Structures are given as structure tokens and as C-alpha cells.
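Please open the structure in your viewer and keep the selection tool at hand, since each stop on this tour begins with something to pick out. Take your time at every stop, and turn the view before moving on.

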Amino acid sequence: MILSAENLSFSYGARTLFEGVTFNVEEGDKYGIIGVNGTGKSTLLKMIATNDAGGGTLTIPGNVVMEYLPQDPPFEAEATVLEQIFKGDSPLMQLLREYELAVDAAEKNPDNEKMQRNLLALQQKMDNQFAWQLESEAKAVLTQLGIKNLNQKMGELSGGQRKRVALAGVLVRPSDLLILDEPTNHMDNATVAWLEAQLLKRKGALLMVTHDRYFFDRVVNRTLEIDMGKGYVYVGNYSLFLEKREERRVAEAGAAQRLRNIYRRELKWISRGAEARRTKAKDRVERFAHIKEAVENIKTESTLEMSSVYSRLGKTIIELENIGKVWDGKDYIKNFDYILLRNDRIGIVGPNGAGKSTLMDIISGRLKPTTGTMKVGSTVKIGYFAQHNEFEDSNMRVLEYIKEVNNYIEKADGTRISAAQMLETFLFPPDLQWVPVSKLSGGEKRRLYLLRVLMSAPNILLLDEPTNDLDIPTLSVLEDYLDNFSGAVIAVSHDRYFLDRFAQKIFSLEEDGSIVPHNGNYSDYIEELAELGEPVKNETKVQAAPVEEKIVPKKKSMTYGERIELENIDQEIARTEAEVKMLGLEINKCGSDFVKLNELTKAQNDAQERLDKLVDRWAYLSELAEECE
């Protein structure tokens with residue numbers, strides 16, 4: 001046994017994150033923990049790593065060695081990369097640290113015989129304890145993770161680099177239980193695939209939080225779900241978890257309904273008055289009290305469902321011509337041309353530091369290109385979900401933060417959804433809406449920031465690493481939202497599941513600054529590279545065929561009638577949209593006049609159907625005109 005957890009619980013103030021969480025970890029178990037942000041996944045990992053059971057019991061045998069990677073790993077600013085890797089109090093770690101110091105001293109003092117003898121003695125110890133293999137592995141892992149200078153001070157590294165050094169450390173140092181909190185954040189796809197292989201061949205146990213669903217699916221063989229404050233264990237990966245969770249929820253819903261039926265019967269009996277309830281029925285009265293308490297404690301799952309709300313786009317959207325960005329003599333983006341289409345779904349991939357966020361900043365208008373021009377249509381309204389949350393006033397209340405953008409949003413049928421209602425939809429109940437933003441967890445802040453972007457009703461969405469720190473339920477909702485979104489979407493992501501789910505085109509950023517387009521989702525992109533004989537190695541060596549050679553569409557012609565129709569269709573769409581909105585307002589005013597209500601509803605449905613056809617026709621004609629040009 002690696003560990004046994006019984007009735008683990010955690011609360012702060014009046015808020016209970018979870019209680020009664022029970023599970024066991026045996027050798028070879030690879031657990032994935034899943035749940036909405038703010039339910040305590042990271043807290044649970046920390047409790048186990050620090051052997052703190054809260055209100056329950058945590059049993060970990062004394063010979064079990066654990067290695068823990070938190071979301072924000074601690075580090076010593078003056079320690080070198082290798083010194084940080086070889087931290088720990090085990091004799092082997094002490095030997096490795098001592099050897100690294102001896103090597104450094106001997107190199108600086110080649111004529112010092114005492115130092116040279118000390119180095120030889122330590123080399124002999126390294127031979128006896130097979131430490132060379134561990135040191136070699138550490139250097140190989142660091143190189144794979146993009147850390148080249150092993151003598152660089154930790155304080156000189158970026159946050160992402162420090163996280164990768166910490167990851168290398170827990171992978172290299174021998175352990176029986178590896179505890180990882182979001183290990184794939186800010187990794188490119190090739191590195192995530194490499195980490196998958198490392199964890200699959202590892203013999204020890206694993207306890208991990210990750211929002212990368214492909215990674216979860218391929219590595220995990222046990223799933224621990226934290227839902228509504230309770231813990232549920234499933235045998236299997238993410239795909240099997242989805243099936244078993246649905247079975248559990250159906251069974252729970254049936255049990256809850258049966259309990260409510262019993263409660264209604266007992267309530268009817270107990271309401272008859274004292275005459276019908278003599279002393280011999282005392283047990284039944286007590287049972288009713290227990291049933292009532294159980295019914296009141298039945299929790300219903302909050303669901304994230306959101307209709308797509310956006311501002312209509314005009315004919316001109318965003319046109320990029322010969323865009324380039326140069327920093328310190330390096331071309332991060334070079335000679336990029338693209339005309340964004342209304343329904344584009346574009347995924348951007350490339351290695352860390354290749355310029356993906358730079359491209360997004362240029363498109364959003366936050367950054368000016370070094371060369372080239374960008375034309376943005378007058379009706380374009382960009383919603384930019386950047387990598388970093390923008391909380392200028394951390395003491396602002398959650399509701400105030402959303403109301404700062406919009407008090408409500410209006411759907412196509414004229415109905416309004418308030419900021420408070422939208423927050424509840426995004427799992428911020430009323431009591432949490434008055435909490436300062438600074439009190440939220442990192443994942444809750446990302447979810448709140450996403451809602452703020454969507455509340456602005458954009459018609460172009462730019463998403464820079466949207467899967468970082470967002471829980472899987474929220475990601476599913478975002479994907480459903482994008483399915484119904486009637487504007488263009490561009491997303492930078494390392495999440496292969498997300499790219500397969502939403503993207504219809506993949507833009508790969510190359511080492512020389514060029515951007516190569518590929519039709520299809522991420523899996524199609526990988527297959528295309530395989531056909532070309534190009535391996536995906538850190539996503540930097542990929543050299544696909546030139547754009548001109550990839551797809552040469554057949555030249556199409558446009559009739560005079562189609563050109564006239566395209567010129568006039570915008571006005572027709574605007575008139576039809578106004579009609580749909582007006583009918584929605586009239587429906588809200590008709591009260592109990594059901595005859596009129598039926599007539600208006602039918603008229604609105606007909607108008608909406610005409611509008612959908614007009615928009616589809618507009619999209620077809622616009623694309624046809626571009627192809628002809």
C-alpha cells in the first residue's frame with residue numbers, strides 16, 4: 001500500500017471545499033483528480049504531500065517516498081539549476097550536490113591537488129552508488145524540457161522555466177508516489193507527448209491534477225472526482241469516467257426522486273394533525289424528521305450552459321497583409337498574409353517563445369507589427385482572453401468585476417440575462433458574488449475572466465492558452481459556446497483535445513518566423529506531417545510544403561446577379577434581425593393572450609429561419625467573392 005485516505009475534509013471559514021473523501025493508492029495506480037475549479041483539487045494534493053488529513057485519517061507507510069510538484073513550486077534564487085534538481089536530504093541527493101560543487105571547485109583550481117583528490121574520491125562514490133546514471137538522466141530531462149544552461153541561477157529564470165526545472169526534479173528523484181499539480185501547463189504539444197511517455201513507463205504510483213483530457217485519458221488508470229463536496233472513485237481513464245459518472249448521476253437522481261416521493265407521502269400523513277398521530281406513531285414522526293433533513297440536503301448539480309451572444313459582423317472583418325515582427329534581429333513573424341473569414345476556427349501551434357502570443361497581440365491591436373498593415377472592419381468587436389488575468393483592482397467584488405463590462409446581455413430573442421444570473425451559470429453562487437476577487441482560487445479567477453470576456457458580446461474571439469487553469473467542466477462549456485458562436489475564433493493552445501474539438505484550420509509557427517496553414521484539426525495536422533515524413537519534434541523542425549503547393553482551389557466565377565445580391569444582403573440581414581428582435585419584445589408584452597402569443601411565436605420562428613438562411617447565403621457569397629479575387 002502506498003497510502004490510505006479516509007474521510008478527508010477541508011474547510012475555511014464557512015466554506016467547505018470537500019468532506020468524506022476516501023480512497024486508496026496501490027503501487028502502479030495512476031490517479032487523475034477531476035472537478036470544477038475551487039472544489040479543492042490542489043488543496044487535496046497538498047494535504048497528501050504534507051501528510052495533513054484535515055478532519056480525516058491519512059495513512060502513509062514510513063518507507064514511502066513522495067515527490068510533489070505544486071502549481072507554483074518554491075525555489076532558491078541563488079541555487080543553480082542542477083542544485084535545485086538535486087535538493088533533498090537523502091544520501092544520494094547529498095552526494096550529487098557534493099559532487100557538483102567539487103567539479104566546480106576543481107575546474108576553477110586545476111593546480112590544487114587536494115581538490116583534485118577530493119573530486120576523484122567523490123567520483124569513486126558515484127561509481128559505487130550508480131549516481132552517474134541519475135546525473136545523466138537529470139541533464140537529459142532538463143534538455144528535453146528546454147533548459148540548456150544547467151549552471152544558471154534559478155532567480156534568473158522565468159516562471160515557466162522554473163516550473164519545468166521543478167518538474168525535472170520530481171521526475172529524476174526516486175519516489176514511490178509522484179504528486180503533480182497541472183504539470184502540462186505552458187508546455188508545447190511535443191513536450192506533453194514526451195511527458196506522457198515518461199509517466200507511462202514509470203513504475204511508481206501517481207496522483208495528478210490535469211485539465212489536458214488527452215493526457216488524462218492516456219496516462220490515468222484511476223479517476224477521483226470531487227463533485228458537490230464529495231469524492232467518487234472510478235476505475236479507468238477519462239473516457240470511462242464520463243460513462244461511469246453518468247451512470248452514477250442517473251442512479252442518484254432516481255434515488256433522490258424516490259426520497260422526495262416518500263417525503264410527500266409522509267408530509268401528507270403528518271399534516272393530518274395530532275389526532276391522527278398518536279403516541280404509537282412516535283417512530284414515524286422521528287423518521288419524517290430524518291427524511292425531511294435528507295430531502296433538504298439533496299444537492300442538484302450546477303450546469304454551465306450558455307447561449308452564444310455576439311454582435312453582428314459586417315462584410316470586412318480583419319485583413320492582415322505582409323505582417324512581420326522583429327525583436328533583437330530575430331524574425332518572430334515574417335510576411336504573414338491572411339483574410340479572416342466570418343466562421344473561421346483557427347488553432348495556432350508552435351514551440352514556447354515562437355511568437356504565438358505576439359501574433360495574438362498584433363491581431364488584437366495591443367501590439368504594432370514591425371512591417372505590414374492590418375485592416376479591421378468597423379463592426380468588429382474583439383474579445384481577447386489573454387494568458388494573464390487582468391484584475392487591476394483585486395479588492396473589487398466578483399459581481400462588480402462583471403458589471404464593469406455589462407449589467408446584462410441580450411439574446412437574439414430579446415430576452416435579457418443579468419450579470420448575477422450569468423455568474424450563477426458560471427458556478428459563482430450568490431454568496432460568492434460578493435467575495436473580493438483576491439479571495440478566489442487561480443482557476444476561479446480564470447473562469448471569471450473568461451465570463452468577463454464573453455459578457456462583452458464579441459464577434460471575434462481571441463483565446464490565448466484558454467485551457468490553462470480552466471477546469472474540464474468549464475472547458476466543455478467553452479467548447480459548446482464556440483459551437484454556437486457566429487463569429488471567428490482564433491486560439492493558441494497546447495491542448496490537443498481542445499484543438500481537435502474546435503479547430504478547422506491549424507496555423508503552425510516555424511523557426512524562421514513563417515506561418516504555415518493546414519486544413520483540418522490537430523490530428524489532421526499530425527497525419528499530414530506523417531505523410532510528408534516530418535516528425536513533430538518540439539514543433540520547431542516541422543517544414544510543411546509551401547502554401548502554394550498545398551491546396552490549389554479551382555478558380556470560380558461570380559455572376560452579376562450574385563454580386564448585386566452580395567451588395568444588398570447586409571441590409572436585408574439587418575432588417576430581418578430587427579424583425580426578430582421586435583417580435584421578441586412583442587412576445588414579452590402579450591401577457592395571457594395565448595392566441596396572439598402563438599401567432600407571434602410562429603412569426604418569430606419564421607423570421608429566425610429566414611435570418612439563418614440569409615447569413616448562410618452571405619457567408620457563401622463572401623467566400624465566393626474572395627476566391628474570385
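Select S493 to begin with, and you will find a residue that is buried, with a relative accessible area of 3%, in a model that is predicted. S493 belongs to the loop that runs between β18 and α16 (496–502). Show its side chain as sticks and look for a polar atom there that lies 2.9 Å from the backbone nitrogen of D495. Which residues does S493 touch, if those up to four places away in sequence are not counted? They are N189, I348, V349, E465, T467, F498 and L499.

Two of the residues just listed, I348 and V349, lead to the next stop, because both belong to strand β12 (residues 345–349), in which five of the five residues are buried, so that the strand is largely enclosed by the rest of the structure. Select β12 and display its side chains, and you can see that R345, G347 and V349 point one way while I346 and I348 point the other way, all of them buried. In a regular strand, side chains alternate between the two faces of the sheet.

Which strands are joined to β12 by bridges? One is strand β18 (residues 488–492), which runs parallel to β12 and is joined to it by four bridges; in this pairing, I348 stands opposite V492. Another is strand β19 (residues 505–509), which is also parallel to β12 and is likewise joined to it by four bridges, and here I346 stands opposite K505.

Now select T223, which lies in strand β8 (residues 222–227). Is T223 buried or exposed? T223 is buried, with a relative accessible area of 0%. If you follow its side chain, you will find that it reaches the backbone oxygen of G236 at 3.0 Å. With neighbours within four places in sequence left aside, the residues in contact with T223 include Y31, G32 and I34, as well as F216 and F241, and G236 is one of the contacts too.

Next, move to the sheet in which three strands are arranged in the order β2-β1-β4, an open sheet with antiparallel pairing. Colour β2 (15–25) and β4 (57–59) to mark the edges, where each strand has a single partner, so one side of each is left without a neighbour in the sheet. From one strand to the next, the twist averages 20 degrees. Strand β1 (residues 3–12) pairs with β4 over three bridges, in the antiparallel sense, and if you select A5 you can trace its bridge partner in β4, which is L58. Add helix α1 (residues 41–49) to the selection, and you will see that this helix packs on the sheet and touches β1, β2 and β4, while its direction makes about 125 degrees with that of β1.

Finally, zoom out until the whole chain is in view. The chain contains 20 helices and 20 strands, and 46% of its 629 residues count as buried. Among contacts between residues at least 6 apart in sequence, 68% join residues at least 24 apart. If you switch on a surface display, keep in mind that the chain exposes about 31600 Å², of which carbon and sulfur atoms supply 48%.

Definitions and conventions
Residues are numbered from 1 along each chain as its sequence is written. This is a predicted model: local features need pLDDT of at least 70, side-chain atom pairs count only at pLDDT 80 or more; totals for chains, interfaces and linings use all residues. Side-chain values use heavy atoms; hydrogens and water are left out. Two strands pair if DSSP finds at least two bridges between them. Axes are lines fitted to C-alpha atoms, for helices over the stretch in contact, and angles run from 0 to 180 degrees between N-to-C directions. Contact means heavy atoms within 4.5 Å. Buried means under 20% relative accessible area, exposed over 50%, partly exposed in between (1.4 Å probe, protein chains only). Accessible areas come from the Shrake-Rupley method with a 1.4 Å probe; for residues, only the protein chains shown count as cover. A polar contact is a pair of N or O atoms within 3.5 Å; within protein, one must be able to donate a hydrogen and the other to accept it, and residues adjacent in sequence count only if both atoms are side-chain atoms.
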